[in-house]
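Trainee: Could you take me through the aromatic side chains in this one, with a close look at a single pair and whatever sits around it?

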Amino acid sequence: MSRQRLIAFLAALAAIVGLAILVPMSSPASAATCATAWNSSSVYTGGMTASYNSHNWSAKWWTQGETPGAADVWADQGSCTGGSGGTGGTTGGSGCSYPAWAAGHSYVTGDIVRYTNGLNYIATHDNPGYDPTISTWYWSPYTCSGTGGTTGGGNPPPGGFVVSEAQFNQMFPGRNSFYTYSGLTAALSAYPGFATTGSDTVKKQEAAAFLANVSHETGGLVYITEIDKSGNYCAAEPYGCPAGTYSYYGRGPIQLSWNFNYKAAGDSLGVDLLDNPGLVETDPAISWKTGLWYWNTQTGPGTMTPHNAMVNGAGFGETIRSINGSIECNGGNPAQVQSRINAYQSFTAILGVPTGSNLSC
């Protein structure tokens, strides 16, 4: 007799004789014990574990200050209980008590909320309840300074961006006024790991590497769009090219192009760039954010993001490979590679740090 038929028979018998039959059920596997709570100021290397938001996480590579669940450096190891699993900060008192974020609730610029990860976020633009960890154009991490407040991970270092405005101006003496320093610094909140990861030397090397590639792509921050805008960058995708077949030409510091890149960048930043690609050439902060989006999330023809290449010691050459390696690397166009290297060497000299190894691709 099958188990199902046996259970049905016993249930019927129980109804007749007034007995309660308890059918044993398989119990779910118990959750693992939480590892030591993640700390925004601690350094983690590949394989190290930490708990955050009742989950254990394993670092894939070197990281500091990148929140588990919000950064791809962390691999989710599943839920956990007990131990010291926390939410990655120091919480206390009522001086920093902000309302919980609610999806679908309308927020205006300046509103501060507490997200489910235990961190605070401030609205940088009005929005109808976008997720603070996804729509980073509308929200920025917020560190409370009130009595007994909360210290979260993910804010830029106290000293601000590792490149000063004077150094930025020295790097780009003939830049287009569109590419403002304030636009760049306003964009940094979208990717808090950028130029804040690793030693002071590594932070400056990453900033120099990003700006060197940007310099090459834009002729020293002179060009906002590519010179020839007649190309058709409309790939066959289900969402098509609603702004027009010829609207997705290169724009911004890393010359964002193709409809699929506009959609992916827009989805990541919480901005509809598929319908409004022109924002990349009219809003300095959005323009810089698209460059940082590519730098921090895309591997291109390479095997790693440019961000990971710099913070994990792969070298400047790997950033070239990730941006335009299929055309320039492996002898494809050595003059273009050297142009990027020259800019990087100049910018690291301005910032007072060595270039490191593996400059070419």
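Mentor: Sure, and let's fix the term before using it: rings of Phe, Tyr and Trp (its six-membered ring) pair if their centres lie within 6.5 Å. Keep in mind that this is a predicted model. With that cut-off, a search of the whole structure turns up 16 aromatic pairs.

The pair to zoom in on is F194 with F210, which meet edge-to-face, 5.2 Å centre to centre and with 70° between the planes. Planes over 60 degrees apart count as edge-to-face, so the label fits the 70° here. As for where the partners live, F194 is in the loop between α3 (181–187) and α4 (200–218), while F210 belongs to helix α4, so the contact ties together parts that are 16 residues apart in sequence. Both F194 and F210 are buried.

For contrast, have a look at W258 and F260, a stacked pair at 5.7 Å centre to centre, with 15° between the planes. W258 is partly exposed, at 30% relative accessibility, and F260 is partly exposed too, with a relative accessible area of 31%.

Back to our pair, because F194 and F210 are part of a wider network, and the pair definition is what links it up. Ring pairs join F161, F168, F172, F178, Y179, Y181, F194, F210, W288, W295 and F347 into a cluster.

Now the backbone in that loop. A195 is also found between α3 and α4, and A195 has a positive phi of about 55° despite not being a glycine. That's worth a glance, because most residues other than glycine have a negative phi. A195 is buried as well, with a relative accessible area of 2%.

You'll find another case in the loop between α4 and α5 (259–269), where L221 has its place. L221 is not a glycine either, yet its phi is positive, near 60°. At 0% relative accessibility, L221 counts as buried.

One last ring to check is Y249, which has charged company. R251 lies over the face of Y249, at 3.8 Å from the ring centre. The charged end of K229 also sits over the Y249 ring, 6.0 Å from its centre.

So if you're setting up a view, start from F194 and F210 with their 70° between the planes, bring in the cluster members, including W288 and F347, and then add A195 in the loop between α3 and α4.

Notes
Residues are numbered from 1 along each chain as its sequence is written. This is a predicted model: local features need pLDDT of at least 70, side-chain atom pairs count only at pLDDT 80 or more; totals for chains, interfaces and linings use all residues. Side-chain values use heavy atoms; hydrogens and water are left out. Rings of Phe, Tyr and Trp (its six-membered ring) pair if their centres lie within 6.5 Å; planes under 30 degrees apart count as stacked, over 60 as edge-to-face and the rest as tilted. Helices (H or I, at least four residues) and strands (E, at least two) are DSSP runs, numbered from the N terminus. Buried means under 20% relative accessible area, exposed over 50%, partly exposed in between (1.4 Å probe, protein chains only). A charge sits over a ring if NZ of Lys or CZ of Arg is within 6 Å of the ring centre and within 35 degrees of the ring normal.
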